[in-house]
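Let's take a look at how the pieces of this model meet. Have the sequence and the 3D view ready before reading on.

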Amino acid sequence: MTTDPDSKRPTPDPVTGPRPVPPATPGALAPAEVVVSENAPPSAIRVFLASRGSGKLADQSFAVIMLLCACSIFAIVIFIAAILTMRSKLSLAQFGLKFFMRSAWDPVNGDFGALSFIYGTLATSFLALLIAVPLALGVAVFLTELCPRALRAPISFLTEFLAAIPSVVYGLWAVFVLVPLMRDTLGPFLYKVLGWTGFFEGPNFGVGLLTASIILAIMILPIISSLTRDIMTAVPNAQREAVLALGATRWEMIRVGVLRNSRIGIVGAVMLGLGRALGETMAVTMVIGNHPDISKSLFAPGYTLASVIANEFSEATGDLYLSALIEIGLALFLVTIVVNTIARLLVWAVTRNAPARVA
Amino acid sequence: MRPPINFNTRRMRFDQMRRRSTNTLIAALSILATILVIAPLLAILGYLIYKGASSLNFAFFTQIPKPVGEDGGGMANSIVGSGVVLALASLMGIPVGIAAGVYLAEFGRGKFFATAVRFTADVLNGVPSIVMGIAIYSLIVMQQKHFSAFAGGVALAIMMVPTITRTTEEMLATVPHAIREAALGLGVPKWRTAISVSLRTASPGIITGCMLAFARVAGETAPLLFTAFGNQFWSLKLNEPIAALPLQIYVYATGPYDEWHRLAWAGSLVLIVMIMVSVTLVRIFANRGALKGGS
């Protein structure tokens with residue numbers, strides 16, 4: 001399958017067969033260039049091709065251009081890391097690694113620390129995963145194992161369509177629908193039922209960590225569920241049949257035959273969702289309340305790494321302020337790179353040998 | 001000889017009941033999960049159509065934003081501005097993405113370098129868009145000392161490249177080797193084979209990939225915040241701040257005026273319809289372009 005096409009050049013037997021070349025010329029089996037110089041009536045296409053020259057230069061320059069474009073992907077990653085490091089030098093020098101352990105954020109006095117943003121990012125992302133993962137698994141199980149065939153295509157189209165809605169539209173919907181809902185209905189309900197845990201305390205304005213987590217969960221659901229579905233489809237049917245043949249119910253078959261086999265891939269899919277959640281900007285910025293606080297209550301307003309950049313970058317006055325924000329960006333970049341790398345490795349480990357799915 | 005197992009003990013019956021009910025419970029839960037996932041989507045779409053359609057009018061497509069306090073006005077400049085930025089991004093991102101995909105599929109099969117590129121593209125795909133925004137800000141806007149449509153285009157182009165590269169590669173991998181060999185056997189040079197045979201055969205799938213990438217960046221706001229910046233007036237100059245639909249929606253949605261909110265809904269509907277049209281076209285292309293045979 002992976003034969004180098006070059007090696008096929010000198011042996012074009014199957015191609016020469018149907019061509020109107022006199023059978024008496026054994027040279028027909030040799031490379032085209034040679035044939036043209038030796039035989040009396042060369043076919044039109046050979047004359048044409050011969051007149052184009054060997055094309056070695058064109059071939060090589062084409063390969064080099066393609067290679068350069070492939071290298072540009074490395075270049076982009078290196079360039080982002082380099083320029084962000086360069087521009088955040090000021091803040092790196094001033095605060096060092098302590099930057100990520102201090103919660104002070106005082107632009108007026110030039111005192112910066114990213115701890116409260118890290119807290120906000122982690123809290124919203126993990127809460128979003130907590131909501132999204134069971135639902136995504138449910139959808140994937142339903143779509144691969146239980147769903148009638150006729151429903152499969154429309155439902156998977158709908159869930160994938162969720163992924164195509166722009167972040168700012170989610171934000172708009174969250175601001176005008178989810179926030180009032182949270183303020184008037186869901187929030188008081190949670191306070192009444194779970195208020196004793198201490199996670200649902202204080203004034204509830206509708207905006208805050210919980211609202212941001214819910215909208216994040218809605219946004220990362222399609223990614224996790226469609227990847228999980230792919231991974232579960234990759235489990236060979238013989239596995240399912242074997243477990244069913246032992247007398248298992250359908251759920252036991254799914255648990256033993258499907259979920260256990262695809263657990264590594266599912267972890268990878270969840271981590272990809274986590275990567276998306278960590279860096280999600282617009283929708284979160286619109287509903288999280290944008291206040292650098294570390295509060296146990298999920299009703300409290302918060303701030304994430306991405307939303308502090310979105311919110312304050314264009315009005316950042318002073319070099320230190322700007323470089324602190326860029327350092328936050330650098331941290332976000334590095335964290336998402338690490339999370340995505342781990343996730344991709346896990347997904348690859350599972351789906352590598354599965355038949356390729358044409359998108 | 002051991003006596004045959006009695007399957008009809010109370011314990012066995014209980015066990016079977018437990019297993020059956022777990023099975024039913026899980027099935028019900030997964031159906032419930034699916035409904036819970038579909039519900040917000042329908043809620044978002046329904047609300048968007050209801051709010052957006054009632055706010056859309058002719059002026060929306062022909063006028064530029066009115067000053068604060070005045071009713072009416074539209075987003076004509078944002079729609080055109082989005083078009084300009086996206087065209088710029090496509091112009092830069094699509095050729096590079098396709099070329100990188102061609103490298104991976106035609107030249108790099110089985111090489112370690114190609115695997116590394118492929119992996120980096122996947123990872124780059126997951127880098128938050130706001131990081132792209134500040135990287136381009138640091139590179140272009142800080143140098144030029146002003147926001148520009150060009151910077152916005154570059155930021156979006158960078159986001160398009162990895163997606164296009166990966167789909168191009170996947171589509172080229174489905175082109176049967178026999179077709180390439182036939183062309184090479186005729187003496188067609190390799191570059192010509194790649195362009196006229198491999199790319200041509202895979203073109204429906206590659207177009208799909210490009211449109212998916214396009215649809216993805218069309219709704220991006222974060223990378224444009226500090227690059228294209230937005231503009232309340234008509235501007236088509238690449239060297240100046242330019243309006244963009246997602247940016248304008250963001251500004252209007254977070255603003256305090258009802259009139260702004262109305263325009264934000266209308267803008268969102270227009271944006272979604274634009275994206276939906278391209279996704280649907282993608283579906284049509286993908287179905288028509290399904291390759292028979294495979295490698």
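Start with a pair of helices: H8(A) passes H10(B) in a left-handed crossing. Keep in mind that you're looking at a predicted model. H8 covers residues 167–194 of chain A, while H10 covers residues 245–253 of chain B. Their axes come within 10 Å and cross at roughly 15°. Angles under 35 degrees count as roughly parallel, so H8(A) is roughly parallel to H10(B).

Who does the touching here? On the H8(A) side you'll find Val168(A), Gly171(A), Leu172(A) and Val175(A). Facing them from H10(B) are Pro246(B), Ile249(B), Tyr250(B) and Ala253(B). Sorted by class, the residues of this contact come out as 7 nonpolar, 1 polar and no charged.

Now zoom out to the whole meeting of the chains. Chain A puts 82 residues into the contact and chain B puts in 85 residues. On the chain A side, helix H4 (residues 56–87) gives the most, with 18 residues.

Chain B also has an internal story. Its domain assignment gives domain 1 (10–55) and domain 2 (62–288). The C-alpha centres of these two domains of chain B lie 35 Å apart. Where they touch, 6 residues of domain 1 are in contact with 7 residues of domain 2.

Here are the classes for two of these contact sides:

| Contact side | Nonpolar | Polar | Charged |
|---|---|---|---|
| Chain A, touching chain B | 58 residues | 16 residues | 8 residues |
| Domain 1 of chain B, touching domain 2 of chain B | 3 residues | 2 residues | 1 residue |

Notes
Residues numbered from 1 in each chain as written. Chains lettered and ligands numbered in written order. Predicted model: local features only at pLDDT ≥ 70, side-chain atom pairs only at ≥ 80, totals over all residues. Axes fitted to C-alpha atoms, helices over the stretch in contact; angles between N-to-C directions. Helix = DSSP H or I, 4+ residues; strand = E, 2+ residues; numbered from the N terminus. Parallel < 35°, antiparallel > 145°, perpendicular 65-115°, else oblique. Left-handed = near helix turned anticlockwise from the far one by under 90°. Contact = placed C-beta atoms within 7 Å. Nonpolar A, V, L, I, M, F, W, Y, C, P; charged D, E, K, R; others polar. Domains from an automatic or database assignment.
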